[in-house]
Amino acid sequence: MHNSTKINVIKLLFAMTRFTFLVTILSITLTGVLLGAEAKSQDLNKVKITFAAKNTTIAKLFEKIEQQTGFAFSFAKKIGDQSIVSFQAKDMLLSDILKELAIVKRLKFTQFDELIAVSELPIPPKPGRISGKVTDDRGEPLPGASIKIIETGQVAQSNTDGSYVINLQPGIYTLEYSYISFQTQRVTEVAVTENRNTPLNISLKTASNGLKEIVITSDYKKASIASLYKLQQNTAYLSDGISAEQISATPDKHVGETLKRITGVSTTDNRRVVVRGIAERYNVSLLNGSTLPSTSVQQRDFEFNLIPTNLVENIVVAKSMTADMPYGFAGGLIQITTKSVPNENFLSFSAGTSFNSLTTGKDFMGYGRGKYDYFGFDDGERDHFPEGIFNLGGFDPRLSDAQNKIKAAQVGEQNKRIGGTERLGTRIFKAMPSQNYQVSLGRSYALDSTSRKRIGFVASASYRNTQSNDEIASMRRGDWSQQPVRGDDPTDINTGNIYGFNTTMALLVNGGFKTPSHQINTYNLYTRIFDNRFSRITGWSHENPKNDGDMKFPGTAEDDRPKFTDLLQNKLSSTHKIGKIKIEWSAARTVLKSIEKDAVSASINTREIGNMAPFSYYVPNSYSDPGFGAVHRDQYTFREQNFDAILNVSYDFRIGSTSHTFKTGVNYLKKHAEFNWGILPISIGSKSTVPIAQIPIQQWGNYMDMSGPGSNLFYFPANYSLNKFEAESANKGGFVMMDHKFFSNLRIVYGLRADYYKLDTVVNAASLLRDKNNRLIFAEEKDWRVMPSANITYSPVKELNIRASYAKSAVRPGMMENSRFSRFDPDYGSQVKSSGVSSTIIDNYDAKIELFPGAGELLSVGYFYKYLDKPAEFYRLDRENNGVGYINITNSDWAKVKGWEFELRKSLGFLADKVPFLGNVFLSGNLTLQKSTVRARELQVKVLADNTDSLYYTYIKHPRALYGQVPLLYNAGLQYVGKKLGLNITYNHAGYKTFITASQPNLVEYERPRSQFDAQISYKFLKGKMESRLNMSNLLNAPFRHFINDGSTFDIIPDGVGEEWQDRYKYKFGFTEKFEEGYVDPLTNRRVGDRQSSTRYLGTTFSLSLTYNL
Amino acid sequence: MKIYKIHYLLVLCSLLLLASCEKDGEIVVKNVKALKPFELRGYVVGDTLEQYFDGKKIRDYYGKAMLGTVRPELAFTNDEILMQFKNKRTKELVYEQKFSIKDADNVVPKFFYDGSKFSNKYEYPTAQGKDYLVNFYLDAPKGLEAVDIATDVLEYYIDANNQLVIVNVTSFPIAADLKPGKWTPYYTLTPPPTPNPTQAGTDFYPVITLKNSKTKKYVINDNAFDSSIQMEIPDQWTSQGKTQSMHILGKINSLKAYYFEVNDLVQY
């Protein structure tokens, strides 16, 4: 299989090379113009010829002409071998024939009497372009700025929005940007390539020394990376970002992988983003300025792996707020901008494949597949939820038909309609290499001669199939056994795999129209994802640990979740500038629909029999089990529809030499979410004679007609198994904001935002019998909130920014965070549920010093402090005191988070005099250090004397990390960008992290530090038209490791009632937030110390991609 | 031509895509044709027996060979199952038996294996008159090279905490320097005499005990009671003789402590 893949790659390369050749020939054919000299003899204009030729060569054609005339041709073999599909001449002048040939074949004919010399014409280069925007050092456009091409003397002027386009022949140029009272800036080594655009945004600095001319010179590479930093420097708020160019230098395939490269940003499973150590639910994600719906049903987050990086223009993470930001956040506002109107026409194809060390070519397990899984669609085999499934509430299989309201035959008929169990049960497949293909097209058209009015679009279609195998080396979380029964028994472990099969197809069509005063854009993204996550863990449970009798061999828990997701976002946005007034508006509609079809959980029991040790078999539920049971097939349908609209108006005015902006606006966001679940436990009737241990699960469907004890397996949905959650929320707000620019070095932005939020749960059913009488506590105190914000930026010198900001913000609960639905999550080994989540109000204080020592270089230090009132966290609760508990999302009382951030990006150009190679090397790094204290609270119920319930909270304070927080985070990177060769090495380290918190120490779970090492090699060939890229990610195969301070690491202080953690618990060996390996106590033969709750390996991935740009 | 080449590229990509499509995998939990009752009982000393089913080793037997916690059934994936016993050390085939799906019961005849001979009956001399004949086979844990065996009469009382307190031991040797790994000759046991009590309120309890031949200490906790093995001792009222073949199998429990599993092969 490996060989066949190699052959495929070679074939692909060969095809690509042939393809290039053909395209070159075709472009010559289509665009060639006869520039050759006319044939000089008058005879040529007199001689007439008649002939017809098909599928011939030029040599043979000339031979025919020679036969009919007295002329002879002299030409090179290369010319003679050129093919001609058909050529017809009827009484045609020889001069006309040669003219046509000259056009079609780009030939030049020179006559020397009767000899005609034939030569090839050089291919005229197509012009390229340089385009960009000229702004001042505060980001304001400079209309009428002068752009001079030193080499040609050509001069252009920028438009009213500061943009410019210059058409140039391919070559290397030096551009000079000048504007009255600004320092002239010269950019060298600006490469213009044929038919392509070279983007170059420039920010000019105010001339501080009168009329004396100073010219700043930098090269293109520095100037273009500098533009992103300039954007960062010019924003009123604190931000960090990554440009398309920086993204392309990483091995990242989707945005989830890229985010962790931004200062203060880390990700959970490459999908959920933690900003400044603050968990995903406190971060807001915007795609082209509109909110993204949560792709996880029970958590507020967005799976960033939906967006391929090659569609991304840039990602900016705002970390402080201004009043015009419509959505509250505590960690960061992640703004993903996809490409819209291109500056150049392009058509590119890319294809890639990747191999994972733990997956490719190895066994890959899963339930029955559909024919179209590779295309992201179901073939119907997962359709097991026909219309009209009724619940069997009140049906008792022990009773006769006469005593039951629902008759056995009705149950049997429903079983038949639901269908058989053929798809169930694990199969072994072979994992294939991942594959991805993409085609992108961009077109831009000038609507006037000055190119100031333009219309254009970008379209992209991509396909990706990824197969992954996460190896779970140890699972001691939730329901699984927490430690070996005998400390010295190496076989008493729980292990497994999570197999991921993902097919993603994305279609993006963005378009826009712009004039100097108006701009209108439309953004449209459709994504189809088939994501099948199959987890299979083998081991012993906490309830039934290993023994030498009936639990000698481990059992297996399987969980198959085939999820089909459609995400469609349509957005229209517009900017109008009328004099000093700027109007911005946008409207967007986002629909996310996901359906988990035939999601199955099943258990395999084992026992030792005569000839098999172990003998394995699937087990149905007991009819008396009121829960989901050991085996159930489910369907979950989630649909969220968001509509958002924003209108902002700003007015620029000047007072003396100071400039000011008044901005006001309104925003509206309406969400509607509906989540339907259908859970079909497969139960077995009483006194059953179905030989369950010897019939495979695939044949269970043959024993479901309910005709008697020999056929009494049945789907047993209760009324809470077929139910739904439906809610809608309205979020609207308005703001006023002032932006003062005093002189050139002080900027003050302040404002007030009024924000309204209301969540209505239309239907909120429980999914478990025991939760039916539980109430959620909604502690939302008020609908309207007024939130001030202020930002000050002071630049004592041009290269230095000092920033300080304060903002109050509100983070609203996600739609499903207030659902009473709960479900077993195989990752946690537990049920996950909510006990009601209210808004979190946050006071944010930030300070930052940024130094821009040179173009593209940055050195910054930042400090932040946040007070979070009622932060929501993931808790493990153990109300039943069984040592296992469940995961619950609820509000803590408060949290305080403070931290430092450092960032460095430095070119090694200053060493380039000695080692020229270092001129192209960049060193970058960032470091985040944080600390937090949380006061947790737990809701208690007291029965009063009058027999009514009274609710109150108990509190416990602990200087622990907030849920999801990473106290230490750093990235380091080394990048070399040569003309053809590119090398990139990145190292990412995340320190200890609180994974799940709890009020009891033995339930808190921490994640151990993890370091990932990635590398990338890229090479451009075929004159830069083709780029190949070899990515190596997770080279050290760093595992995700979690641990818990086991009960053996602390004592409970008798009568310890204080509010501080240490008032209640006495620490012993192993009781820290750091991992201690522990030891086996020889007396008890039990482990003492930290319990390794989960260890998971992802393997090393090597991916090769080829991109071809036409 | 251009279009044709794009098609070629697309076909190539599709081929890779289609080559990836694998719909039916190999099912992990296999179909079983029938589950049938199964019985097995035997005894193994000297060498370990390996039990194979259809060429796959399932378990080892040493000492008591019985199903115990093993569910007494056979799973037929085919119509026949071949069971084999092999000597673990030499891999020599000792016994084989076929089971058929058609049979209602699948019984392995009761067997005894002494490391060289596999038979259906344990052979031993018949005791004459009132004689109590006994031989021993010791499988000692590591570190115990030889034992002395004796009939010890314990003088004891039960204290307030319900603990047995030994105040005196009177020993009557049976065999000395008994090496592990082989059967001893048959010894004739005689009823031990009852000694005079050394203090008031005590009782007498005769037991067979093991002492380390080298240190002369009782093998477990240097305690006569802890180091005693369960077997019948004749007394003055014994009227009928008896033969006992005691297999003493030293084992280590989960707390890493020695204990002895003792079986009488005559009774097995």
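Begin with chain B of this predicted model, and select domain 1 of chain B and domain 2 of chain B, whose C-alpha centres lie 34 Å apart. To colour them separately, use residues 34–119 for domain 1 and residues 132–264 for domain 2.

While chain B is still selected, go to K91(B), which sits in the loop between β5 (80–87) and β6 (93–100) of chain B. This residue has a positive phi of about 65° although it is not a glycine. Is K91(B) buried or exposed? With 8 other C-beta atoms within 10 Å, K91(B) is exposed.

Now select the whole of chain A, in which there are nine helices and 61 strands. Of its 1110 residues, 46% count as buried, and, among the contacts in chain A with a separation of 6 or more, 71% are between residues 24 or more positions apart.

Next, zoom in on helix α4 of chain A, residues 94–105, which has twelve residues and reaches 16 Å from its first C-alpha to its last, close to the 16 Å expected at 1.5 Å a residue. Show the side chains of L94(A), L98(A), L101(A), A102(A) and K105(A), which are the buried residues of this helix. If you look down the axis of α4(A), you will see that these buried residues fall within an arc of 105°, so they line one face of the helix. The general reason for such a pattern is that an α-helix has 3.6 residues a turn, so residues three or four places apart point the same way. Add β1 (48–57), α2 (58–68), β3 (83–93) and β4 (107–112) of chain A to the view, as they are included in what covers the buried residues of α4(A). Just after the helix comes R106(A), whose phi is positive, near 50°.

From there, move to the largest nonpolar core, which has 70 residues, and pick out I278(A), V317(A), L333(A), I334(A) and I336(A), the members that touch the most others. Strand β20 of chain A, residues 312–318, gives this core its largest share, five residues. Apart from this core lies another, of 62 residues, and among them are L680(A), F714(A), F76(B) and I81(B).

Two details of the backbone of chain A complete the tour. Select A613(A) and P614(A), which are joined by a cis peptide bond with omega of about 10°; P614(A) is found in strand β31, residues 612–618. Finally, find N1034(A) in the loop between β54 (1026–1033) and β55 (1040–1045) of chain A, where this residue has a positive phi of about 55° although it is not a glycine. N1034(A) is buried, with 21 other C-beta atoms within 10 Å.

Methods. Residues are numbered from 1 along each chain as its sequence is written. Chains are lettered from A and ligands numbered from 1 in the order in which they are written. This is a predicted model: local features need pLDDT of at least 70, side-chain atom pairs count only at pLDDT 80 or more; totals for chains, interfaces and linings use all residues. Helices (H or I, at least four residues) and strands (E, at least two) are DSSP runs, numbered from the N terminus. The expected span of a helix is 1.5 Å times one less than its number of residues. A residue is buried if 20 or more other C-beta atoms lie within 10 Å of its own, exposed if 12 or fewer, and partly exposed in between; C-beta atoms are placed from the backbone. The arc is that of the directions from the helix axis to the C-beta atoms. Two residues are in contact if their C-beta atoms, placed from the backbone, lie within 7 Å. Domain bounds come from an automatic or database domain assignment. A nonpolar core is a set of buried Ala, Val, Leu, Ile, Met, Phe, Trp, Tyr and Cys residues joined through C-beta atoms within 7 Å.
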